[in-house]
Amino acid sequence: MKKRLILGLLVLVACLGIGWGQTSPAIAASKRVLIVYDAINPTVDGQKKLAGLQQILASAGVATQTERLSDYHAGQLTTKAYAGVVTLINWPQGDLKNAEFTRDRAAFTGKKLHIGQGLSAVEARELHAVRRNVYHQQLILSAEGQQQLLPFSEDITLLKTQGKAHRYGTLRPQNQGIGRYPYGTVVGQRGYLPYFEASGFSQVLAAQTIAQLFGKQRQLQPLLTITGVTPYSDLKRLTTLAQRLNAAGIPFAISTTSVADNTSLAAFSRFAKALRIVENNQGIIFLQVPVVGAANKQSGSLLEQTMVEELNQLGQRQVMPVGISAPVYWNQDKVFRKYGLARLTNVLLLPNPATTTFAYQDNLGGRYAQTWTGLSLNSLLTVKDGQRVAVNQLKFPVPTAVTVAFPTSRKQLVAMTHRVTQLNVNWYQPQDSLQTKITSASATFAYKQGTYYLNGSPVTVGPEATGIPKYHFSQKRHVALDRYFKVQGNILLVFFTFTTIVLVTFLILGRRIYRRMFRRK
């Protein structure tokens, strides 16, 4: 009996062991995509291209790892570790090679995407295509009756596809005798983009190609987003903009910075009141992360405290952010992700500033329930349908926030609202489907189809901030020997006050003695 029981337990353990050893679909889906780039090459905005690629993949729900080609080591790229690999060529003239990466990539059976020059004959055969090199041409990118003129290209490799393939957009050189070629190509688990620019029509069609390859292809409406709002902006202009967009039936979002200190001042109350007017005019709010001047691995607690204080100070005044907006590079930093982005479900990734300051760069791009890609409206206004701007006909495969800078004058305000209205775009309606959640220390902010929630209870946003309990971050700022220095400061104040009185007394007495010396007797 005991032998049978032991045997049964062994069989059970063996079965469980087999089950544990198998990779579940959820685990397989969580594998990262490895981005390998040859060089930054600032002459072609290589850093901007890399950030744009990271931005699109994050919006497609893909976690990434970014690696320089020279840093790749043999055996790193395996299907056990990665779901796919993206090769980005920024400097074809450099002809940079890594034999280990070339060999591992050829043997890799996951998804592969090549962007830029250097497509090998083997890669072309995997795409069931023939290469065609075109030199010194200015190409026209077109799709479904829309077109955009691309910058001049000295050398570009185009594909003549054969058989079944997903094709996104068409590249047509101005030299009519060269013919037409697909811009984005996907065949099975292989993809190719001969050219990529992190803006305009190129980014939209590149996103379609990437979304198709990684199984995330959708058709979504863009979210109109006003960027560059701060507590020091013209608040009257902000409320006028919100009211005009609402009157035109255009839902929108704003990306705004805030402050953690001096929130008891009347200026902050006016700022919060303007944001409530935004919320009451079909507007939603993304809280923009602070500007980083200097940071290191120990900056996490300060960042967390700042973010929590900003969120809670806004929440106390019925300003309920639905997400956080941040530059793309924040998602490549371990500290910024953990303490700035990890507690929320709705992230807006905006283009990087001219200067990026990391705390702990690990190049491991995280993914969130919903990640928006920020794409400038100005870059889309060159997309034409014949002679007309055709933004309303673009198909966005990933959540896309079409961004417009906050107008700096009344004239710009009128021009911007007129332009947005004339586009006739079917904008994304947050009130219909958006669901978000932000955990901020003792407070939880949520938004579900037009209703705001604080700690699970619905909140009605009114013209005045009333009925909202105050939530404070439990951790207080401490300064070592604070009381000692405070007492020491009081002692020094008394000492200098006494010394000043004595000196003034001596000056008065000395002046009198000096005058007596020269007075006639």
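**Exercise 1. Glu304 and its partner**

Determine whether Glu304 is buried or exposed in this predicted model, and identify the residue whose side chain meets that of Glu304 in a salt bridge.

*Solution.*
Step 1. The relative accessibility of Glu304 is 14%. Since buried means under 20%, Glu304 counts as buried. The model in question is a predicted one.
Step 2. The partner of Glu304 is Arg343, with a separation of 2.5 Å from N to O. Glu304 belongs to helix 9 (residues 300–315), whereas Arg343 belongs to the loop between helix 10 (334–341) and strand 14 (346–350), so the salt bridge ties together parts that are 39 residues apart in sequence.
Step 3. Arg343 has a relative accessibility of 37% and is therefore partly exposed.

**Exercise 2. Further salt bridges**

State how many salt bridges the model contains, and describe the pairs Asp234 with Arg237 and Arg337 with Asp362.

*Solution.*
Step 1. The count of salt bridges is eight.
Step 2. In one of these pairs, the side chains of Asp234 and Arg237 come together at 3.2 Å, N to O. Asp234 is partly exposed at 33% relative accessible area, while Arg237, at 16%, is buried.
Step 3. Another salt bridge joins Arg337 to Asp362 at 2.6 Å, N to O. Arg337 sits in helix 10 and Asp362 in the loop between strand 14 and strand 15 (364–365), so this pair ties together parts that are 25 residues apart in sequence. Arg337 is buried, with a relative accessible area of 14%.
Step 4. Through shared partners, salt bridges also connect Lys112, Glu126 and Arg190 in one network.

**Exercise 3. Two packed helices**

Describe how helix 7 (residues 235–247) and helix 8 (residues 266–279) pack.

*Solution.*
Step 1. The description of two packed helices rests on the angle between their axes and the distance between the axes.
Step 2. For helix 7 and helix 8, the angle is about 10° and the axes are 9 Å apart. Angles under 35 degrees count as roughly parallel, and the two helices are therefore roughly parallel to each other.
Step 3. Helix 7 contributes Leu235, Leu238, Thr239, Ala242 and Gln243 to the contact, and helix 8 contributes Arg270, Phe271, Ala274, Leu275, Ile277 and Val278. Sorted by class, this contact holds eight nonpolar, two polar and one charged residues.

**Exercise 4. Aromatic pairs**

Find how many aromatic pairs the model has, and classify the pairs Phe268 with Phe271 and Trp330 with Phe336.

*Solution.*
Step 1. There are eight aromatic pairs.
Step 2. The rings of Phe268 and Phe271 lie 6.1 Å apart, centre to centre, with 50° between the planes, and the pair is classed as tilted. Both residues are in helix 8, three residues apart, which is about one turn of the helix, and both Phe268 and Phe271 are buried.
Step 3. For Trp330 and Phe336, the ring centres are 4.3 Å apart and the planes stand at 20°, so this pair is stacked. Trp330 and Phe336 are buried.
Step 4. Ring pairs also link Trp330 and Phe336 with Tyr329 and Phe358 in a cluster.

**Exercise 5. Positive phi values**

Where are Asn41 and Glu144 found, and is each buried or exposed?

*Solution.*
Step 1. Asn41, which is not a glycine, has a positive phi near 50°. Asn41 lies in the loop between strand 1 (32–37) and helix 3 (46–59) and, at 13% relative accessibility, is buried.
Step 2. Glu144 also has a positive phi, of about 50°. Glu144 lies in the loop between strand 5 (129–143) and strand 6 (146–161) and is exposed, with a relative accessible area of 56%.

Notes:
Residues are numbered from 1 along each chain as its sequence is written. This is a predicted model: local features need pLDDT of at least 70, side-chain atom pairs count only at pLDDT 80 or more; totals for chains, interfaces and linings use all residues. Side-chain values use heavy atoms; hydrogens and water are left out. A salt bridge is a side-chain nitrogen of Lys or Arg within 4 Å of a carboxyl oxygen of Asp or Glu. Buried means under 20% relative accessible area, exposed over 50%, partly exposed in between (1.4 Å probe, protein chains only). Helices (H or I, at least four residues) and strands (E, at least two) are DSSP runs, numbered from the N terminus. Axes are lines fitted to C-alpha atoms, for helices over the stretch in contact, and angles run from 0 to 180 degrees between N-to-C directions. Angles under 35 degrees count as roughly parallel, over 145 as roughly antiparallel, 65 to 115 as roughly perpendicular and the rest as oblique. Contact means heavy atoms within 4.5 Å. Ala, Val, Leu, Ile, Met, Phe, Trp, Tyr, Cys and Pro count as nonpolar, Asp, Glu, Lys and Arg as charged, and the others, Gly among them, as polar. Rings of Phe, Tyr and Trp (its six-membered ring) pair if their centres lie within 6.5 Å; planes under 30 degrees apart count as stacked, over 60 as edge-to-face and the rest as tilted.
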